[in-house]
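Here's a quick tour for anyone opening this one for the first time. Have the sequence and the 3D view side by side, and we'll walk through a couple of spots together.

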Amino acid sequence: MNQKRENMLNLALETDEEQRIRTGDLNVGYEDGRWELIVKFHGDLINAVATVSAEIVVEILIAGYAILTVPESLVDEVSDLEQIEYVEMPKRFFYSQVVRVQENECFVPVISGQPYLTGTGVLVLVADSGIDWKRGDFRDRQGRTRIRYLWDQTLVPDEGRISPDRFNIGVEFDAAAIDAALESSDSREQFARIPSVDVSGHGTAVAGIAAGANASTDYLGAAPEAELLIVKLGNAKEQGFPRTTELMRAVTWGLQKAEELQMPLVINLSFGNCYGAHDGSSLLERFLDNASEIGRTVICVGSGNEGAAAGHVAGSVLGGGGRLQTVQVELAVAEYERNLRVQLWQNYSDEYRVYLIAPGGQRAELTAPVNGGKFTVTLEQTYILAFQGEPAPYAVAKELYLEFLPMGNGYVGSGIWTIVLEPVKAVTGQFYLYLSDSATRSVGTAFLTPTPEVTLTIPSTAAKVITVGAYDEIYSAYADFSGRGYADRERTIGVVTAGLVKPDLVAPGVQILAPDLYGGYAPVTGTSFATPIAAGAAALLMEWGIVRGNDPFLYGEKVKAYLRAGARPLRGERDYPNERVGFGALCVSDSLLNR
């Protein structure tokens, strides 16, 4: 096992391609014999990699991060380069799926009255499923586009269409190209000029909530005159959900554009995934922390919709008086489940024997010493691929990764599976179990006694981003689907320790009116749509502070502090901050007018 590589990547490299494809997760980033890898590095990476092979593609990002595209046969040699500190494989993201934003009582005082804020002079980057760039919601009063740049990562460059500077995927369009397409009334000609389409409508809705404005419909987003940077995440050769590498490219590109345009930048990320220790230790989380410190930048990330999805269990093997106790966790697996992922995270100071009991009673130990960490067991026609990892240079937690696969072409055994934790030695006694994202599981697949705390999706767990949960504005109450944060004051693993608050706050996330794919508007629900409200609020603060000169340092952690300070209490919440709503409900007028 190469300890410079994350556990999941080590397992993927030790698993044949046919099995990886069946898991769904272990093959992310692999295509045509090549791996796309995230690396943390120092020194001259380009020349170091060139000594291995000219076939390796290097994309330098920010702060010592890069993306490498490497033939599988060379991954070991690349990993061993002295300049490379740590390597991770990409992960898939999952979008987190009627109130008018402009009617919110906390926006009206600053938009409709002094200081009449609109987001003018501020860039809002929406990295998502794309945008319906033709809509009036994304044009100014003269009909010109407010999209300064659109990068569609799924398009293939050709004559006259090129990728952005420093990147080798997708096609970039500037405002002049979009305006030229808008001059035509022929939809076919428009598409021929700008062949970028938002198929799902998710990105269009998010952009509209953050910065939409349409005089003909009276629709206004949170920052209706902000200018937009749009990235359609994806890969032309692979269908499905976007990957972490595509997001990292988008963030780097946005920082580059903000520097070129000399404008403050708000980045909106309305998606996440469940793989990881949820402690801020992954390269993606650390990357976003670094990005938050570059230029005049704010990053808003949705906390995800896993709060009520029953995909997490946390507990302890220490009973009263510090007595060791065996813990059993029951997992219901629905019929027709083609694969399932389970992660166990623990403190490396603790030692547990872990057993898995199938619905019919067959039992296997999962923590017997093995060479290299990988092993497999078969229980009742279900094949369990396992990997027991060690702490890594960037992560102190110990992981046991389990992938459930059916034998042959059937399904994972349905019924109640039991995970048994038998302590051998316990210092902290803590354990954290996570399932695959709810978007990838059948409805009935869930822990029977779940823990709703620490159900934030990654990367909302990054320390320096503004993590946004959702509440129901009609009832002024927490929305139970919204990912919860850190209630465990005793947590001892990883970067996130006692005292860090997540989420930072909540914004309206139930029945939010947003532009749809059919030229109209429709209500949407989820933290995906709470996040752009907070991003728009950040843009208003940055306009007041930076653009108008009232506070040239109003970016980064200072914006977070202002938004937290202005947050209002919610019904049913007593103590603040807490793991459900953080410091409370977003109120941009109180954040600004009380300064």
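What follows is a short look at some strands and how they pair up. Keep in mind that this is a predicted model. We'll start with an open sheet of five strands, then move over to strand β4 and its partners.

**The five-stranded sheet**

- Reading across the open sheet, the strand order is β20-β19-β24-β17-β26, with antiparallel pairing.
- At the edges sit β20 (363-365) and β26 (446-447), and each of them pairs on one side only.
- Strand β19 covers residues 351-357 and runs antiparallel to β20, with three bridges joining the two.
- If you want a spot to look for, find Tyr355, whose bridge partner in β20 is Glu365.

**Strand β4 and its covered faces**

- Strand β4 spans residues 65-71, and seven of its seven residues are buried.
- Tyr65, Ile67, Thr69 and Pro71 point one way from β4.
- Ala66, Leu68 and Val70 point the other way from β4, and these are buried too, just like the residues facing opposite them.

**Who pairs with β4**

- Strand β2 (residues 34-41) lines up antiparallel with β4 over seven bridges.
- Arg34 has Pro71 of β4 as its bridge partner.
- Strand β3 (residues 57-60) is also antiparallel to β4, this time over four bridges.
- Val57 has its bridge partner in β4 as well, namely Thr69.

**The turn between β3 and β4**

- The hairpin of β3 and β4 has four residues between the strands.
- In that hairpin, Ala63 takes a positive phi near 50°.

Methods. Residues are numbered from 1 along each chain as its sequence is written. This is a predicted model: local features need pLDDT of at least 70, side-chain atom pairs count only at pLDDT 80 or more; totals for chains, interfaces and linings use all residues. Side-chain values use heavy atoms; hydrogens and water are left out. Two strands pair if DSSP finds at least two bridges between them. Buried means under 20% relative accessible area, exposed over 50%, partly exposed in between (1.4 Å probe, protein chains only).
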